[in-house]
Amino acid sequence: MFERFTKDARAVVEGAVTHSGRVGARTVEEEHMLLALLDREGTRGSFALTSLGETGFRESLERDLAEARRRGGLSRADADALSGLGIDLSEIVSRVEEAHGEGVLEPGGRGGDGRRGRRRPFGQEAKDVLVRALRIATARRDRHIGDEHLLLAITLRGGVAAEVLADHGVTYESVTRVLYGGTGAGAGAGGENGVAEAG
Amino acid sequence: MTEATDLAERAGDRDPRIGLRAVSALRRLLEQLEAVQVRSARNQGWSWQEIAAELGVSRQAVHKKYGRQ
């Protein structure tokens, strides 16, 4: 699969590994891929992000990601669903943090656990992004997988990263519009929701 | 009238998407909570056997999941 990745897409994958290492996570996660995407300049993915994001976009995005991480990697939609069951997620987080320390619910673990320098595996979500990027590129009949396909894959996954991006106006539809013009329909995917439904 | 509104809202709660999302969120939260508690117990010198007994699972299961850390 990786032989079809462009230089930019590879740089995002490598950047994600670096971001994961920087925060001492055990695995490379989707969130690290998003941070790596934000680091890029002059690529198709970064073009989409800068076209859609407003000033202070990156800082705001990082803040939201950090907040979700603190909630155990649960999105706001997750928190809402839980509150429907009478479960107050923020209350749980604050009680657990009170007893066990700040940021203790963050997924993937933090702080030197001896993995520094060792090869960091990709977590399930990040793997899913790679697979989806390939699928999106195929559906669009793009021969290569660029960083824009990684961005599209993240928006389609519907995870925390997608939710945070959507809060900043970056969705599958808006990215496709900026990159390819017209509606959010994937080439040859038949209809506006073609790729979205396949994903 | 309020009762009708309440009923309408509750009917919305029967939307499987919301229910399933809550289950999935709960499962992920549970994983994090378990990790926190197991770590805490280990730090306080609990054996894998003792942790497993409290969690109601086998010693091997706990050790396999958290032993490497």
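This is a short walk through a predicted model with chains A and B.

Confidence comes up front. The model scores ipTM 0.77 and pTM 0.76. Chain A has an average pLDDT of 86, and 85% of its residues reach at least 70. Two stretches of chain A need a flag. In residues 110–115 of chain A, pLDDT is below 50, and that stretch has 10 contacts beyond near neighbours in sequence. Residues 186–199 of chain A also stay under 50, with 25 contacts in the model beyond four places in sequence. Where pLDDT is low, predicted coordinates should not be read in detail. So please treat those contacts with that in mind.

Now chain B. Its average pLDDT is 84, with 78% of residues at 70 or above. Where is confidence lowest in chain B, and where is it highest? The low is helix α1, residues 2–13, with a mean of 54. The high is helix α3, residues 48–55, at 97.

The fold of chain B is quick to describe. It has 4 helices and 0 strands. Along the sequence that reads α-α-α-α. Of its 69 residues, 10% are buried.

Next, the interface. On the chain B side, 13 residues are in contact with 15 residues of chain A. Which helix of chain B gives the most to that side? Helix α2 of chain B, residues 16–43, with 11 residues. By type, the chain B side divides into 7 nonpolar, 3 polar and 3 charged residues.

On to the core. Nonpolar side chains tend to be buried together in soluble globular proteins. Here the largest nonpolar core has 50 residues. Met33(A), Leu37(A), Leu150(A) and Ile154(A) have the most contacts inside it. Take Leu37(A). Beyond four places in sequence, its contacts are Val12(A), Gly45(A), Leu49(A), Asp147(A), Leu150(A) and Leu151(A). Leu150(A), then, is both a contact of Leu37(A) and one of the core residues with the most contacts.

Now some single residues in chain A, starting with Gly15(A). This glycine sits in helix α1 of chain A, residues 7–22. Gly15(A) has 19 C-beta neighbours inside 10 Å, and buried takes 20 or more, so Gly15(A) counts as partly exposed. Setting aside residues up to four places away, Gly15(A) touches Ala36(A) and Asp39(A). Its C-alpha is 14 Å from that of Arg119(A), with their positions 104 residues apart in sequence.

Arg26(A) is in the loop between α1 and α2 of chain A. With 18 other C-beta atoms within 10 Å, Arg26(A) is partly exposed. Its C-alpha is separated by 9.0 Å from that of Phe122(A), 96 residues apart along the chain.

Then the backbone. Arg141(A) lies in the loop between α7 (124–139) and α8 (147–157) of chain A. Its phi is positive, about 60 degrees, although it is not a glycine. Is Arg141(A) buried or exposed? Exposed, because Arg141(A) has 10 C-beta neighbours inside 10 Å.

A glycine gives another positive phi. Gly101(A) follows α6(A), with phi near 110 degrees. As for helix α6 of chain A, residues 89–100, why does its length agree with expectation? At 1.5 Å a residue, its 12 residues should span 16 Å, and the end C-alpha atoms are 16 Å apart.

That covers confidence, chain B, the interface, the core and some local detail.

How values were computed: Residues are numbered from 1 along each chain as its sequence is written. Chains are lettered from A and ligands numbered from 1 in the order in which they are written. This is a predicted model: local features need pLDDT of at least 70, side-chain atom pairs count only at pLDDT 80 or more; totals for chains, interfaces and linings use all residues. Helices (H or I, at least four residues) and strands (E, at least two) are DSSP runs, numbered from the N terminus. A residue is buried if 20 or more other C-beta atoms lie within 10 Å of its own, exposed if 12 or fewer, and partly exposed in between; C-beta atoms are placed from the backbone. Two residues are in contact if their C-beta atoms, placed from the backbone, lie within 7 Å. Ala, Val, Leu, Ile, Met, Phe, Trp, Tyr, Cys and Pro count as nonpolar, Asp, Glu, Lys and Arg as charged, and the others, Gly among them, as polar. pLDDT is the predictor's confidence in each residue, from 0 to 100. The expected span of a helix is 1.5 Å times one less than its number of residues. A nonpolar core is a set of buried Ala, Val, Leu, Ile, Met, Phe, Trp, Tyr and Cys residues joined through C-beta atoms within 7 Å.
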